[in-house]
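Me: I have a model open and would like to go through it with you. Could we begin with the helix packing and then move on to the chains?
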Amino acid sequence: MKKALVAATAAAIFATLASGVSAKSLTVGFSQIGSESGWRAAETTLTKQQAEKRGITLKFADAQQKQENQIKAIRGFIAQGVDAILIAPVVSTGWDAVLKEAKEEKIPVILLDREIDSPKDLFLTAVTSDQVYEGKVAGEWLAKDVGSKDCKVVELQGTTGSSPAINRKKGFEEGIKAASNIKIVRSQTGDFTRTKGKEVMESFIKAEGGGKDICAVYAHNDDMAVGAIQAIKEAGLKPGTDIKIVSIDAVPDIFQAMAKGEANATVELTPNMAGPAFDALEAYLKDKKEPKKWIQTESKLYTQKDDPMKIYEAKKGLGY
Amino acid sequence: MNWFTRRLRRLAPQLAALAIILGVISLVAPGFLTVSVQNGRLYGSLIDILVRAAPVALLTVGMTLVIATRGIDLSIGAVIAICGAVAATLISEGYPLPVVIAVSLGVGIACGLWNGVLVAVLDIQPIIATLILMVAGRGIAQLITEGVILTFNDDTFSALGSGALAGIPIPIYLWIGTALAIGLLIRRTALGFLIEATGINRRAASLAGVRARFLLFSAYAISGLCAAIAGMIVTADIRGADANNAGLWLELDAILAVVVGGTSLNGGRFSITASLIGALIIQSINTGILVSGFPPEFNLIIKAGIIIVVLTLQSPAIVTVFGFIKATRRGDKLNHGAKEATR
């Protein structure tokens with residue numbers, strides 16, 4: 001708390017200094033959820049980088065997974081008179097009051113990475129990925145890759161009931177719908193973790209005749225895929241060739257596996273949500289052009305052909 | 001009654017439960033009980049159970065002792081994360097294996113001693129005292145790994161999690177070895193007896209000359225040590241320290257294993273062997289669900305259902321009812337016999 005306060009004061013001082021130097025530069029407050037995952041850390045790093053690149057003064061507040069901290073931070077940003085506010089909301093409800101305060105002060109609010117249940121006029125736009133589409137990209141890649149061969153797929157789901165698990169499952173099923181030769185034979189939760197991914201994969205291999213019948217693994221995130229790769233290796237099979245691996249997120253470690261030929265494809269959940277957000281904000285401030293209420297980030301597919309080692313090196317420094 | 005039959009009678013409910021669970025799973029998933037040799041090591045779902053049970057089994061050994069002193073240790077899941085993070089950091093900085101193991105074990109014992117200070121010296125209730133490290137521990141682990149999954153490539157260290165010796169996976173040696181060593185230490189000396197005395201009535205035990213404070217310290221230190229070994233296995237297994245998820249909620253599985261093993265949370269009499277069978281029961285359910293092909297939405301319900309049945313069969317009320325039925329039957333026979341005689 002103290003640290004946040006110090007940071008806020010420091011940011012305020014910097015802001016006044018900056019505004020003295022150039023009257024045009026923007027000041028944007030960013031209320032981040034916390035740093036619970038590597039992806040979140042990368043999002044923070046990229047937001048700071050994007051702000052620096054555009055000459056925007058960024059005021060950063062880490063909410064440590066608490067909504068009340070986020071609301072406090074937003075009120076702080078409003079009091080300081082920032083030009084815009086970015087929020088990565090920790091939950092989907094309870095934002096109406098504080099967003100109305102921002103609206104009264106005519107400060108545009110942009111949501112990053114998650115959406116909320118508030119009237120659409122309370123925020124400028126939301127920048128998120130389409131989780132169903134991510135699954136679909138993975139499914140379509142597999143359908144194209146196996147061609148007309150029969151293919152038994154095992155699925156490592158995310159935490160049961162979480163929205164990425166539900167949506168990425170749905171999307172993948174859509175992606176392989178046209179290919180009747182591809183069947184999901186087993187599907188279990190690996191809780192988005194390496195340990196569980198490995199344990200579940202070990203059981204799948206045993207349940208499916210030593211793994212020789214399994215043609216591909218679809219994991220809802222890269223960490224579970226990394227665990228599955230180890231389980232496949234320990235069962236004496238070759239991940240990437242005997243059993244294909246396709247997953248979602250595009251964290252650095254999966255590129256290392258791809259470089260070794262042990263993983264085949266991953267769909268990126270880009271941590272660069274701030275780039276499109278700043279684009280929309282600058283366009284809005286310049287000629288009052290209202291952006292669409294939802295900006296979908298690109299869900300890019302990476303395969304072994306994309307020089308995985310180079311991407312690994314580029315992503316490594318982002319704080320994943 | 002000799003020693004063996006007495007032991008068997010104590011362990012009978014747990015062994016029966018384990019046998020029934022394995023039997024049911026093998027009906028649902030054919031080939032479940034097959035064990036073969038592949039790549040020079042034992043291979044099969046039963047082996048998976050023994051390997052995957054290693055972290056909970058290790059925690060269970062320490063937890064049994066702590067519960068026997070009428071305490072509880074909620075921090076061990078977090079201690080797994082801390083020790084895993086320490087081990088991964090040292091390995092990736094190139095320290096030799098013996099140093100890594102020694103330091104990780106030392107950190108685990110230190111965590112246990114911290115709990116010991118809070119419980120034995122400051123007299124804070126164990127559930128609160130260990131809750132502190134449970135909450136703070138994961139934060140400490142995240143500080144050590146700097147919030148990322150710290151990966152390393154070291155074949156000798158990762159052998160602790162996924163290697164094999166003479167065809168048997170190393171985690172199995174580690175948990176059985178640790179359990180044997182601690183079991184012998186406790187049961188071949190008077191230590192176990194003294195721990196039970198402390199658990200039943202600490203004041204009375206102290207007045208009788210038992211050094212209760214020292215015993216409490218030892219119990220929590222052993223618990224920390226076991227968690228450290230488990231932490232190294234978990235970390236070595238995935239070749240990385242995941243501060244957020246390593247050992248998450250495993251303390252609850254360990255408590256459950258102790259309870260399924262029939263040791264009372266009120267302290268006193270305990271059986272490490274029964275607790276270990278409890279751990280195997282829990283892992284058999286987990287692995288069974290995975291191989292049986294149920295949709296994941298059912299996992300927790302199936303697990304809870306089986307646990308309820310096992311616990312109900314062991315509950316004092318049911319034991320009384322069974323005793324009553326037995327007694328009435330015997331009584332009927334006696335009455336019957338008496339009538340015959342009078343006729």
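Reply: Certainly. In this predicted model, helix α4 (residues 76-92) of chain B packs with helix α12 (residues 250-260) of chain B at an angle of about 130°, and their axes are 6 Å apart.

Me: Are α4(B) and α12(B) oblique or roughly antiparallel to each other?
Reply: They are oblique, because roughly antiparallel would require an angle over 145 degrees.

Me: Which residues make that contact?
Reply: From α4(B), the contact involves Ile76(B), Gly77(B) and Ile80(B). From α12(B), it involves Leu250(B), Glu251(B) and Ala254(B).

Me: And what is the make-up by class?
Reply: The contact of α4(B) with α12(B) has four nonpolar residues, one polar and one charged.

Me: Staying with chain B, how many helices and strands are there?
Reply: Chain B has 15 helices and six strands. Its radius of gyration is 22 Å, close to the 20 Å that the globule rule gives for 343 residues, so chain B is as compact as a globular protein of that length.

Me: What box do its C-alpha atoms fill, and how much of the chain is buried?
Reply: Along the principal axes, the box is roughly 90 × 60 × 40 Å. Of the 343 residues in chain B, 47% are buried.

Me: What confidence does the predictor assign?
Reply: For chain B the mean pLDDT is 92, with 96% of its residues at 70 or more. For the complex, the predictor gives an ipTM of 0.88 and a pTM of 0.87.

Me: Now chain A. What is its secondary structure?
Reply: Chain A comes to eleven helices and twelve strands. Buried residues account for 51% of its 320 residues, and its C-alpha atoms fill a box of roughly 70 × 35 × 35 Å along the principal axes.

Me: What is its radius of gyration against the globule value?
Reply: Chain A has 22 Å, which agrees with the value near 20 Å for a compact globule of 320 residues.

Me: How many residues are in contact between the two chains?
Reply: In this interface, 25 residues of chain A are in contact with 26 residues of chain B.

Me: Which elements of chain A give two or more residues to that side?
Reply: They are α2 (38-53), β7 (182-189), α7 (194-207) and α8 (222-234) of chain A. The largest share, nine residues, comes from α7(A).

Me: How do the residues on that side divide by class?
Reply: The side of chain A that touches chain B has four nonpolar, twelve polar and nine charged residues.

Note on methods:
Residues numbered from 1 in each chain as written. Chains lettered and ligands numbered in written order. Predicted model: local features only at pLDDT ≥ 70, side-chain atom pairs only at ≥ 80, totals over all residues. Axes fitted to C-alpha atoms, helices over the stretch in contact; angles between N-to-C directions. Helix = DSSP H or I, 4+ residues; strand = E, 2+ residues; numbered from the N terminus. Contact = placed C-beta atoms within 7 Å. Nonpolar A, V, L, I, M, F, W, Y, C, P; charged D, E, K, R; others polar. pLDDT = per-residue confidence, 0-100. Rg over C-alpha atoms; globule rule 2.2 N^0.38 Å. Buried ≥ 20, exposed ≤ 12 C-beta atoms within 10 Å, placed from the backbone.
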